[in-house]
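Here is a friendly note to read beside the model on your screen. Take the points one at a time and find each place as you go.

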Amino acid sequence: MKRSLGVCYYPEHWPEAQWAEDAARMAALGLTWVRIGEFAWGLMEPVEASYDWGWLDRAIETLGAAGLKVVLGTPTATPPRWMLNKHPDMIALDRDGKPRGFGSRRHYCFSHRPYRAECARIVTAMAERYGKNRHVAAWQTDNEYACHDTVLSYSQAATQAFRDWCAQKYQSPQALNRAWGNVFWSMDYASFDEIALPNLTVTEANPAHVMAHRRFASDEVVSFNRLQVEILRKHSTAPISHNYMGQITDFDHFDVGADLDIAAWDAYPLGFLSDRLAATPAHKHRFVRQGDPDFQAFHHDLYRAVGRGRWWVMEQQPGPVNWAPWNPDPLPGMARLWAWEAFAHGAEAVCYFRWRQAPFAQEQMHAGMLRPDSVAAPAYHEAGQVAQELAQMPDVGTARAQVGLVFDYASAWAWETQPQGRDYSYFRQVFETYRGLRRLGLNVDILPPDTADLSAYPIVLAPGVATMSEPLLAALAVHQGQSLIGPRSNSKTADFAIPLPLPPNLPNLKATVARVESLPPDVPVPLTLGGNFLHWREKIETSAQVLETTTDGWPALIAARGLQYLAGWPDEAALSRILQQLCHKAGIETDPLPEGLRRRDTETHQFLFNYNAVEVEWGGKIIPAAGVLWQKLP
C-alpha cells in the first residue's frame, strides 16, 4: 500500500463557507486522509432520536470533491448532555467512588448496558448512512480507549457486570474462593452477589481479586469495541481502526486489535517525554524539543504487532500540545522526522493532529498545522516536504527484525497489582530492553504473549512475563536460537498465586528462585563483569551453567542450551554487555550508535534518525540536527 499523509479535521468547528478552502489546501499540500466525526454526537443527534446528518453529508462531500479520503469516527467517546439526563447512572465512578461527570469527554462506564445500546443505535445509523459512501474509505471506533484513566470503573453497572464475569469464569463461589485463596483473612464468598469491586478496602485488596478485576475490565473494552465493529462490518467493507495511545496498558490491545483491520495510535513525543517517560532530568533536558529517541519507535513496533502488520499514526504531534506538565515547541525538522520514522517502521499513513488550532475550549493551546487565523504553522511546511518526498520515493517494505521482544499487557496489570518495589514497572522494564537493542542498531519486532512460533527470530527476549502462556513455553522449548527470559518471569499463576514448581520453571532449565528482593535506588547489586542489578534481584538455586554472578556470589545469568535466564534488572551498562554477548552467540552483528542517533532497516533502505539538537557524524555521514537520511541497501 502506498504510504500517505493525513490530518484530523473538525468541520463543525468552522464556518461551512471555509470547508472548501480547507479541503483544497489539504489536497494541495499532498494530504490523502482526513479524519472527522469522532466527537460530534451532539450535532449528529442534538435531540434523542432526531438526527441531523445534513452538515456531515456536506462535509464529507466537500472533502471528497477535493480528492480526499475520509476516516469517519464513531462519536461514542462524547455522549451528549441529554444522554446523561436519560441515563444518570451511565457515568463511571473512580476508585474513591466519585463520579466521572459531564463537561469534557469519555464520561461513560464500559459496563453500562443501556449506554451500549445507545452506542449501537448511533453506530448503526452512521453505518447505514455512510457505509457505502464512496468518500468514506476507513472507520475509527470511539477515541482513545483508556484516556483519562477511564477503563477501571467502580460503578454499580461495573459491579454487576463483574459478578456476571466471575460467575461465567469460575462457575461456583467455591471454585472462585479456591482460585483466589480467600481462606486467607476469612474472605470467602457464599454467593457471587456478595462480590464487590476491589476498592475501598481497609488495606490492600486480595491481589487475585484485583487481577481478576483487571482482566474483566479489559474484556469490557474488547466487547464494547466489538459491538461497534460488528455493526460497521454489516454495512461497510472499509477497514476499521482504533486510535490507541502511548504507554497505556489498562486493557489488552492485542485482544481489541483482533477485531480490527488497522491498529492506529496517537503519537505526541514531547508530551510523552514530559508527562510519562521515566528518565533522568538530563535526558529530558537533552531531548525536550525532540522527544525520546526510542519511545515512538517502540510504539510503532508494538502497534504493528497489534495490527498484524497494518498500522497508522492517527494523530501526530505538529507543535506544542496542551496537556503535559510543560509543552515546548518541537525543534524544526521534528514533524518531518517523526513521520519518516513511522514510515520506516511500516506505517501506512501518518495523520497530523490537527488541521487548524482551535481558538476555544479545552484544546485551544494545542497547536495545529495552521494557526487559528489560518496562517501556516511550521508543521504545515514540514508535512508538505514529507508529501513531496513520499511522491519521489518508492514504498519501503518492513523487513522482519533480528530480534523478537515479547510484550504482555496482563504482566503490566500483575506488577501494578503487586509491584513489591515502589519503582517496579513492567512497561519500563520492557522499554529499557527495547532501548538497549535499538542502541545496538538492531531492528525489533514486538511479539504477543501467546506467540507459538519463534523460528524466524535468532534472538527472543521476554522480560518480566508474569504468567507465560503454554504456546510461548512450547515455542521456547524448540527454539533453535538464543533466548533471554526474566527477571520475574513465570512467577505467578493466572489467578495470581506463586506456582509450584517454583519459578522460573522454564523448558530445560533447572533453576529455582529461592528468594527475591526489591532494591531501593541507593542499593544496587554489583555484577562481577560490571554494571549492577537495580530495582529487582532474585537469588537462584541452580544446576544450570552460570554465565555471570553478583559480587556476593549468587548466579546472575544462567543458561541451558540457547535459553538464558537473567536474575535481576540490569542497569544500562550491564544490559548492553549482556545483549551484545547474546547477539554474538546468535551470529548477529551489532552496530552501537551515538547517543540520540537511531537506525531502522527496511527491506530496501537504511534510515538514520538524529534525535539530537546538533548534527551527528556516523559511518562517514553527517546527519543534521533533527535530520533524516536514507540510502538503498546493497
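1. Let us begin with a term needed further down. Ala, Val, Leu, Ile, Met, Phe, Trp, Tyr, Cys and Pro count as nonpolar, Asp, Glu, Lys and Arg count as charged, and the others, Gly among them, count as polar. Please also keep in mind that this is a predicted model.

2. With those classes in hand, turn to the second largest pocket. Its lining has 12 nonpolar, eight polar and nine charged residues. The volume of this second largest pocket is about 730 Å³, and 29 residues line the pocket. Nearest its centre lie Ala-278, Arg-428, Glu-432, Arg-435 and Glu-572.

3. Which elements give two or more residues to the lining of the second largest pocket? They are helix 16 (426–439), strand 15 (532–542), strand 19 (568–570) and helix 18 (572–586). Helix 16 gives the most, with seven residues.

4. Next come the cavities. How many cavities of 30 Å³ or more does a search of the whole structure find? The search finds four. The largest cavity has a volume of about 120 Å³. It is lined by 13 residues, and those closest to its centre are Thr-433, Pro-463, Leu-566, Pro-570 and Leu-575.

5. You will meet a familiar helix in the walls of the largest cavity. Helix 16, strand 11 (459–462) and strand 19 are the elements that give two or more residues to this lining. Here too, helix 16 gives the most, this time with three residues. Sorted by class, the lining of the largest cavity has nine nonpolar, three polar and one charged residues.

6. Now look for the barrel. Eight strands form a closed barrel that runs 1-2-3-4-5-6-7-8, and the pairing is parallel. On average, neighbouring strands of this sheet are turned by 30 degrees against each other, direction ignored. Strand 1 (residues 4–8) is a good place to start, since you can follow its pairing with strand 2 (residues 33–36), which is parallel and has three bridges. Within this pair, Cys-8 of the chain stands opposite Arg-35 in strand 2.

7. A helix rests against the barrel sheet. Helix 12 (residues 295–306) packs on the sheet and touches strand 5 (240–244), strand 6 (262–267) and strand 7 (311–316). The direction of helix 12 makes about 160 degrees with that of strand 6.

8. There is also an open sheet to compare by eye. It has three strands in the order 20-21-24, with antiparallel pairing. Why is one side of strand 20 (597–601) and of strand 24 (628–632) left without a neighbour in the sheet? Both stand at the edges, each with a single partner strand, so one side of each has no neighbour there. Neighbouring strands of this open sheet are turned by 15 degrees against each other on average, direction ignored.

9. Stay with the open sheet for a closer look at one pair. Strand 20 and strand 21 (residues 605–610) run antiparallel and are joined by five bridges. Arg-599 has Leu-608 in strand 21 as its bridge partner.

10. Salt bridges deserve a point of their own. The count comes to 37, taking a side-chain nitrogen of Lys or Arg within 4 Å of a carboxyl oxygen of Asp or Glu as the rule. One of them joins the side chains of Glu-416 and Arg-214, at 2.9 Å from N to O. This pair links distant parts of the chain, with Glu-416 in helix 15 (residues 409–417) and Arg-214 in helix 8 (residues 207–235), 202 residues apart.

11. Finally, a few backbone details are worth checking on your screen. The peptide bond from Phe-353 to Arg-354 is cis, with omega near 5 degrees, and Arg-354 has its place in the loop between strand 8 (349–352) and helix 14 (378–392). Another cis peptide bond runs from Pro-503 to Pro-504, with omega near 10 degrees. Pro-504 is in the loop between strand 12 (482–485) and strand 13 (511–518).

12. One last residue to visit is Gln-171, in the loop between helix 6 (156–170) and helix 7 (173–180). Its phi is near 75 degrees, a positive value in a residue other than glycine.

Methods. Residues are numbered from 1 along each chain as its sequence is written. This is a predicted model: local features need pLDDT of at least 70, side-chain atom pairs count only at pLDDT 80 or more; totals for chains, interfaces and linings use all residues. Side-chain values use heavy atoms; hydrogens and water are left out. Two strands pair if DSSP finds at least two bridges between them. Helices (H or I, at least four residues) and strands (E, at least two) are DSSP runs, numbered from the N terminus. Axes are lines fitted to C-alpha atoms, for helices over the stretch in contact, and angles run from 0 to 180 degrees between N-to-C directions. Contact means heavy atoms within 4.5 Å. On a 1 Å grid over the protein atoms alone, a cavity is a set of points where a 1.4 Å probe fits but cannot get out, and a pocket is an open set with protein on both sides within 12 Å along at least five of seven lines; lining residues have an atom within 4 Å of a point. Grid points are joined across faces, edges and corners, and a volume is the space filled by probe spheres set on the points.
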